[in-house]
Amino acid sequence: MTEETPGFEEQPDVPSEAAQTPDDAAKGGAGSADKAGPAAPAGDLEQVAMQAQLDQVRTALNERTADLQRLQAEYQNYRRRVERDRVTVKEIAVANLLTELLPVLDDIGRARDHGELVGGFKSVAESLEAVAGKMGLQQFGTEGEPFDPLVHEALMHSYAPDVTETTCVQILQPGYRIGERTIRPARVAVAEPQPGAQPKGDETPDEESGGPDEG
C-alpha cells in the first residue's frame, strides 16, 4: 500500500484551456478576431445591395419602355393602314356609283344638244350633274386638243390638211375622271395630217424669175 502524505490531497490534471478564466477566454477570442482581419461595415453591404437592385430596376424599366415604344409604333402604322384602306374603299365605292350613272349623264348631254332639256326634266338633270360634281366627277374632252391614248379612245379616223398632229376633231362621247383616276376615256374622232403634206410655214417661196437680159 502506498502511503499518503497527511494534509495533501492529490488533484487531477486540468487542461490549460479549461483553466482559463472567462476574462482570459474573452481576451483570447478578441485576439483571434483581430488576427482574421477587420469585418466590412454593415452600411457598405446595404449600399451595394441597393445599387444592385437599382440596376435591375433600371434594366427592367428600359426593357418595358422599349416594348411600349415598339407597340406605339405598330399602332401608328396600323392606324395609317386603316385610314389608307378606308380612303381607298371610299374612292372605289364612289367610282362604281358614278360609273353606273354615266349612261344617264350621256342621255342628259344628248338631250341638251338637241334642245330637249327643258322644264322639270332640266331641273332634275342639273341637280344630278351638280351632285356628281360634288362627288368629284369631272368631264373632259374638247375638240381640237391633241390626241392622247391615255385619256382618249379613237373611234373614227381621217386625214385633214389643216392639222399638224393627230388631233381630236369630234367628241363622240365625253370622258370622265375622279381626281387623277380616269373612269372612262373620251371617245373621239381623230384626224391626222395628209400623207406627204408639207407643214404650214415650211413652204419655201419660189425664186423670182428675172426678165430677159436687155442688150
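This passage walks through the fold, the nonpolar cores, the largest pocket and two buried residues of a predicted model.

A good place to start is the overall layout. The protein is built from three helices and six strands. Read from the N terminus, these elements follow the order α-α-α-β-β-β-β-β-β, with the helices ahead of the strands. Of its 215 residues, 14% count as buried. Contacts that span long stretches of the chain are well represented: among those between residues at least 6 apart in sequence, 65% link residues at least 24 apart.

The strands can be followed through their pairing. E1 and strand E4 (residues 175–178) run antiparallel and are joined by four bridges. Within this part of the structure, Leu137 lies opposite Ile178 of E4. E4 also pairs with strand E5 (residues 181–184), again in the antiparallel sense, through three bridges. Here Ile178 has Arg181 of E5 as its bridge partner. Two residues separate the strands in the hairpin of E4 and E5, and in this hairpin Gly179 adopts a positive phi near 65°. Both Ile178 and Arg181 are touched by Ala95, which also contacts Ile183, leaving aside residues up to four places away in sequence.

Ala95 leads on to the interior. The largest nonpolar core has twelve residues, and Ala95 is one of them, along with others including Val94, Leu98, Leu105, Leu137, Tyr176 and Ile183. H2 and helix H3 (119–134) each provide at least two residues of this core. The largest share, six residues, is drawn from H2. A second core, separate from this one, holds six residues, among them Phe140, Val151, Cys168 and Ala186.

Attention can now turn to open space. The largest pocket encloses about 430 Å³. It is lined by 19 residues, of which Leu105, Gly109, Gln139, Pro174 and Tyr176 are the closest to its centre. Two or more lining residues come from each of H2, H3, strand E1 (137–140) and strand E3 (167–173). H2 gives the most to this lining, with six residues. Sorted by class, the lining contains seven nonpolar, six polar and six charged residues. Leu105 and Tyr176, named here among the residues closest to the pocket centre, also belong to the largest nonpolar core.

Two residues deserve a closer look, beginning with Asp106. This residue is part of helix H2 (residues 42–113). Asp106 has a relative accessibility of 7%, and therefore counts as buried, the limit being under 20%. Apart from residues up to four places away in sequence, Asp106 touches Gln173, Pro174, Tyr176 and Arg184. Pro174 and Tyr176 have already appeared among the residues closest to the centre of the largest pocket.

The other residue is Val190, which sits in strand E6 (residues 186–193). With a relative accessible area of 4%, Val190 is also buried, because this value too falls under 20%. Its contacts, leaving aside neighbours within four places in sequence, are with Phe147, Ala154, Met156, His157, Ser158, Thr166, Thr167, Cys168 and Val169. Of these, Cys168 is one of the residues of the second core. Met156 offers an example of a contact made across the chain: 34 residues lie along the chain from Val190 to Met156, yet their C-alpha atoms are separated by 6.1 Å.

Note on methods
Residues are numbered from 1 along each chain as its sequence is written. This is a predicted model: local features need pLDDT of at least 70, side-chain atom pairs count only at pLDDT 80 or more; totals for chains, interfaces and linings use all residues. Side-chain values use heavy atoms; hydrogens and water are left out. Buried means under 20% relative accessible area, exposed over 50%, partly exposed in between (1.4 Å probe, protein chains only). Contact means heavy atoms within 4.5 Å. A nonpolar core is a set of buried Ala, Val, Leu, Ile, Met, Phe, Trp, Tyr and Cys residues joined through side-chain atoms within 4.5 Å. On a 1 Å grid over the protein atoms alone, a cavity is a set of points where a 1.4 Å probe fits but cannot get out, and a pocket is an open set with protein on both sides within 12 Å along at least five of seven lines; lining residues have an atom within 4 Å of a point. Grid points are joined across faces, edges and corners, and a volume is the space filled by probe spheres set on the points. Ala, Val, Leu, Ile, Met, Phe, Trp, Tyr, Cys and Pro count as nonpolar, Asp, Glu, Lys and Arg as charged, and the others, Gly among them, as polar. Two strands pair if DSSP finds at least two bridges between them.
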